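Trainee: I would like to learn how to read the features of a model with the sequence and the structure side by side. Could we take them one by one?

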Amino acid sequence: MTSPGSPQQVSPQADAGVLSADDMGRAVRRMAHEIVERGNLDQLVLLGIRTRGVPLAERLAAALLDIAGTHVPVGSLDTTLYRDDYASAGPRPLAETVVPVDVDGREVILADDVLYTGRTIRAAMDAVMDLGRPQAIRLAVLVDRGHRELPIRADYVGKNMPTAPEQSVRVRLVEIDGTDEVVVA
Amino acid sequence: MMKHLLSMEDLSAEDVTQILDTAAGFVDLGERTVKKVPTLRGRTVCNLFYEDSTRTRISFELAAKRLSADVLNFSAKGSSVSKGESLKDTALTLQAMGVDAIVLRHSESGAPLTLTQWVDAHVLNAGDGSHQHPTQALLDLFTIRQRFDRIEGLRVAIVGDVLHSRVARSLVQGLRTMDAEVTLVAPPTLAPPRPEAWGAAVSTDLDAVLDKTDVLYLLRVQRERMAQQFFPSPREYARLWGADRDRLARLPQGAIVMHPGPMNRGMEITAEVADAPNAVIGEQVRNGIAVRMSCLYLLLGGDG
């Protein structure tokens, strides 16, 4: 079905930029509007999943401040110690987890760049649970590329992007990569 | 990463840096309400201690438990070891029980290396004879780096029974690997005969090195050495090689005092120095757990 060159194939050309910097800015802003519509802003905390979820969480917080005038605290979450591939893939370097407020009773919004199998989000939810008892955990992702392996879905999606499993989706962010774009290869 | 942690000699500067960087990620965990992560769930770590060492044992035990491993404590006293079972038979028993890692403390230098020949488990040396105590050296390096943001170029004086000390031997190797300058200060009877092999300077005069010392590391005086007449009396030891208020005052600004514990207050260190703000002895203990978590985490990954 997905042999190279088959007409049904969803894959765009290799290395095509599928989301420009402008698209990305609009997507983040739209997600922020959806968060505002849901309300409860003063109980929110945004936790970016290392590495590229962190700038995304910061951008969402900036957009929320702009739209609603609310300062939503932003933190970062390293899921390394909660991953399910430690035995198979081996140890990975650890990054810092910074949680600016007590998560007890708060609504935590996890932010990540790409939602794929859902395994990182499972790890992130376990990591949050070890920090306290949030009132709710929501999920915001810039790109949902499908192919879930766990019953997980995002509450806020920048762009739904159908992909083939053998493709790779690369999100590049100015803060880390010097440029804003999403590339499918 | 290697399979076992036996000696500081086996570790490159990159290895040491990786272990210390990883340990930094575990320090905050000790401050949380839930001081536990699920990483080693289902793994079994055995603390096999042929010498008493409550501190090292509980530090390793906490490290393994905070990573969610199951922990067996097997000490020579009150076990089959006291009934004459050999290290080999104990090792084969643990092998048959399927333990994933063995933390070994033994009075014979080289026992951990020998153990690796009999078991599939990862072996971590928790002190062997007068040979090595690598996790102590690593937690000391971590504590130094935490205070100074570097190790390279620091001037470290290690004071006491250098000759018999596995702590000194491991730490000197680690410091040399990380390009620190080391001076060994010891009574003439307890100084190493061939200091050049250690890559360190040697002095018998503590007062002569104080003003050129960033890290003053005091070794524990082992009481049994006194019986063997390596030095005349505790009072004379304290007078010539002990850290007191006057000597503390002569260290450069920002210098720190370290001790691997347990301390003989009044002998190698006065109570005043032990409790001084630039003594980091409590930090060494705290960091010990994070460093041992780091070693377990790095060694046991990728087994599945």
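Trainee: Which residue in S8(A) is the bridge partner of Arg172(A)?

Mentor: In S8(A) the bridge partner of Arg172(A) is Glu181(A). Before going on, note that this is a predicted model, in which local features need pLDDT of at least 70 and side-chain atom pairs count only at pLDDT 80 or more, whereas totals for chains, interfaces and linings use all residues. Residues are numbered from 1 along each chain as its sequence is written, and chains are lettered from A and ligands numbered from 1 in the order in which they are written.

Trainee: In which sense do strand S7 (residues 169-172) of chain A and S8(A) pair?

Mentor: Two strands pair if DSSP finds at least two bridges between them, and strands themselves are DSSP runs (E, at least two residues), as helices are (H or I, at least four), numbered from the N terminus. Here S7 and S8 of chain A pair in the antiparallel sense over four bridges.

Trainee: Which side chains of strand S8 (residues 181-184) of chain A point to one face, and which to the other?

Mentor: In a regular strand the side chains alternate between the two faces of the sheet. In S8 of chain A, Val182(A) and Val184(A) point to one face and are buried, while Glu181(A) and Val183(A) point to the other and are not buried. A residue is buried if 20 or more other C-beta atoms, placed from the backbone, lie within 10 Å of its own. By that criterion, buried residues make up 39% of the 185 residues in chain A.

Trainee: How many helices and strands are there in chain A?

Mentor: Chain A has five helices and eight strands, which from the N terminus run β-α-β-α-β-α-β-α-β-β-β-α-β. Its radius of gyration, taken over C-alpha atoms, is 17 Å, close to the 16 Å that the globule rule (2.2 Å times the number of residues to the power 0.38) gives for 185 residues, so chain A is as compact as a globular protein of that length. Along the principal axes, the C-alpha atoms of chain A fill a box of roughly 50 × 40 × 30 Å.

Trainee: In what order do the four strands of the open sheet in chain B lie?

Mentor: The order is S2-S1-S3-S4 in chain B, with parallel pairing, and the edge strands, each pairing on one side only, are strand S2 (70-75) and strand S4 (122-128). Six bridges join strand S1 (residues 44-49) of chain B to S2(B), and Phe49(B) stands opposite Ser75(B) in S2(B).

Trainee: Into which domains is chain B divided?

Mentor: Domain bounds come from an automatic or database domain assignment, which divides chain B into domain 1 (8-132 + 285-300) and domain 2 (134-281). Their centres, taken over C-alpha atoms, are separated by 25 Å. In the contacts between them, 24 residues of domain 1 of chain B meet 20 residues of domain 2 of chain B, where two residues are in contact if their C-beta atoms, placed from the backbone, lie within 7 Å. The largest share of the domain 1 side, six residues, comes from H12(B).

Trainee: How many residues of chain B are in contact with chain A?

Mentor: On the side of chain B there are 14 residues, in contact with 13 residues of chain A. Helix H1 (13-27) and helix H12 (281-300) of chain B each supply at least two residues of that side, and the largest share, three residues, comes from H1(B).

Conventions
A residue is buried if 20 or more other C-beta atoms lie within 10 Å of its own, exposed if 12 or fewer, and partly exposed in between; C-beta atoms are placed from the backbone.
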